[in-house]
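Visitor: I'm new to this structure and would love a close look at a single part of it. Could you walk me through it slowly?

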Amino acid sequence: SPRLLPGFVFCTMWTYWVLVPLCVVKVRAQFPRECVTPEILRSAQCCPSVFGQVNNPCGVNTGRGQCVPVRVDLRPHGPQYPHDGRDDRERWPFKFFNRTCQCNSNFSGYNCGRCRHGFTGLNCDQPVPVVRRNVMTLSPAEKRAFVNALDRAKRATHPDVVIATRRYEEVFGPDGNSTQFQNITVYNYFVWAHYYSVSKTFLGGGQPSFGGVDFSHEGPGFLTWHRYHLLQLERDMQDMLQDPGFALPYWDFAIGGNQCDICTDDLMGARSSFDDGAISSNSIFSRWQVICESVDDYDTLGTICNSTENGPIRRNPAGNVARPMVQKLPEPQDIKACLEVQDFDTPPFYSTSSESFRNTIEGYSVPEGIYDPIVRSLHNLAHLFLNGTGGTTHLSPNDPIFVLLHTFTDAVFDEWLRRHPGKSAVYPLENAPIGHNRHHNMVPFWPPVSNAEMFATAPENLGYSYEAEWPARPITLTEIITIAVVAALIVVAIIFTVTTCIVRTSSNKTEGRQPLLGEQYQCYDDQDSRHNDKTQSVV
């Protein structure tokens, strides 16, 4: 199990939670640059002052936030990972930091110096609409602006974040005082975070690294992890563009057929005329270089991917002739079927789960929800259809189509949450793969954010929304019964009303034939007889 530092306090639900005094950084990234000095790393605490002020950690003097212990969930994970105590990512962020800024109200950031997603203003009290739209509906100018923004993010050094290039035991360098961190660009950090979440566990020299671990796929956290991953990129790009309303668009990949409709030079790049696996030289993306490609070195030497760029993006949509199943995109009816799956996830909360919405949208089940080891559908199928960089898990975000593919996957997730309220209890508290329990902090995000925090509808809770049309929701048995009962009551009411009118009409005709002098007495006589005969209607 991870080392216990002095001052660790077990709190409510003693056997399941630990408050860790290390530094989880209130930033949406690996580590803030100002928290990676040897002194701060050894203090295991990262609570910087806001706006460069002295002695104002987390903006505590202005009510923005406070420095608190980090909470780590200790509930057991599933059996897929048998090497407890060997990986820096276990019980994240236990190995690196144990105190962080906890921000109040709509403040956020590693020092509570910025606004929560969807808000702006000096006091972060002005809502800003962040609406994600179908990329195919954008105007030519909007498409151009989005492509240029991605390219700028690929080249712009991240203003706050640096990445670790060594495991914790080597992070202080050979002399014990040279911390092993590097700068990285905004977009390459997005790539790096995904790589870090799926990388193998290094077990030491001479031993093969363990590959049966994945903190962001094949478990309940697949959707919540990628949701926060996108939020992080979207917010970084908002800061870069100085536009709090900037929103990532989505690619509706459920169009069927073997054509990539976004693979055009005005969007994500057409196919090269000279190399079927390359991007057209008319596209900005033909000049992009990938990172985190040298997995053999990482696994053998125990190093971590750095920001070194290698070769170009490879992509050949529908070009995998060896696997005809992945030569066509998902169909529109696949989304309809997927949204009808009732449970968010089911035991064993893994890629073998059946009748699981999560496993269905991830693509290990048929769209109707039944697990099939041969099938690759929806999200998985869209990745494999790209047939290149975008179809290789540890490299896939290098292809910017990844962004559009996952925003659509997140949109389907959000629609499912809307259609199935009250299903949060289905998200497992324990025994999911490591990193995937409900209250596990997601690797490697800072500040620590749990899967549970992302398991909520986006417009009401996360500061963004989707402009999308969805297949009509089927009527449930309960709704059919309710409709039938209401219809029956309406029919009864109509019959009752018609019968009453007939009776009144008949009564009026009878009264019209009686002598006028006896009319008032006849009336009393009717009332008396009605009081004496309890079975007669008094209508």
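Visitor: Over residues 217-234, what share of the chain is helix and what share is strand, and how far apart are the end C-alpha atoms?

Guide: Happy to help, and please keep in mind that this is a predicted model. Over residues 217-234 the chain is 78% helix and 0% strand, with the end C-alpha atoms 21 Å apart. That stretch has a partner in the records: an unreviewed UniProt entry lists residues 217-234 and 399-410 under "domain: Tyrosinase copper-binding". In the second stretch, residues 399-410, helix makes up 83% and strand 0%, and 18 Å separates the end C-alpha atoms.

Let's follow that second stretch into its surroundings. Helix α9 spans residues 401-419 and gives the largest nonpolar core its largest share, 11 residues. This core has 108 residues, and those with the most contacts inside it are Tyr187, Trp192, Met237, Ile262, Met268 and Phe357. As a general rule, nonpolar side chains tend to be buried together in soluble globular proteins.

Met268 is a good place to pause. Beyond its neighbours within four places in sequence, methionine 268 is in contact with several residues, including Asp399's neighbour in the numbering, Pro400, as well as Ile401 and Leu404. Its other contacts include Phe146, Leu150, Ile262 and Phe285.

Leu404 then leads us to another residue, valine 135. The C-alpha atoms of valine 135 and leucine 404 are 7.9 Å apart, although their positions lie 269 residues apart along the chain. Valine 135 sits in the loop between β10 (131-133) and α2 (140-155). Its relative accessible area is 0%, so valine 135 counts as buried. Leaving out residues up to four places away in sequence, valine 135 touches Lys143, Pro249, Tyr250, Trp251, Ile262, Leu267 and Leu404. Ile262 is thus a shared name: it touches valine 135 and is in contact with methionine 268.

On the other side of the numbering, before α9, comes threonine 389, in the loop between α8 (378-386) and α9. Threonine 389 has a relative accessible area of 6%, so it is buried. Setting aside neighbours within four places, its contacts are Val290, Pro312, Ile313, Arg314, Leu395, Ser396, Asn398 and Asp399.

A second, separate core of 9 residues includes Cys58, Phe107, Phe119 and Cys124. Cysteine 58 is joined to cysteine 101 by a disulfide, with 2.0 Å from S to S. This link is left-handed, with -80° about the S-S bond. It brings together distant parts of the chain: cysteine 58 lies in the loop between α1 and β4, and cysteine 101 in strand β5 (residues 99-103), 43 residues apart. Cysteine 58 counts as buried at 0% relative accessibility, and cysteine 101 is buried at 1%.

To finish, here is the wider setting. The whole structure holds 7 disulfides, and the chain has 13 helices and 13 strands. Of its 539 residues, 52% are buried. Among contacts between residues at least 6 apart in sequence, 69% join residues at least 24 apart.

Methods
Residues are numbered from 1 along each chain as its sequence is written. This is a predicted model: local features need pLDDT of at least 70, side-chain atom pairs count only at pLDDT 80 or more; totals for chains, interfaces and linings use all residues. Side-chain values use heavy atoms; hydrogens and water are left out. Helices (H or I, at least four residues) and strands (E, at least two) are DSSP runs, numbered from the N terminus. Buried means under 20% relative accessible area, exposed over 50%, partly exposed in between (1.4 Å probe, protein chains only). Contact means heavy atoms within 4.5 Å. A nonpolar core is a set of buried Ala, Val, Leu, Ile, Met, Phe, Trp, Tyr and Cys residues joined through side-chain atoms within 4.5 Å. UniProt positions are given in the numbering used here, feature names are shortened, and annotations may be inferred rather than shown by experiment. A disulfide is a pair of cysteine sulfur atoms within 2.5 Å.
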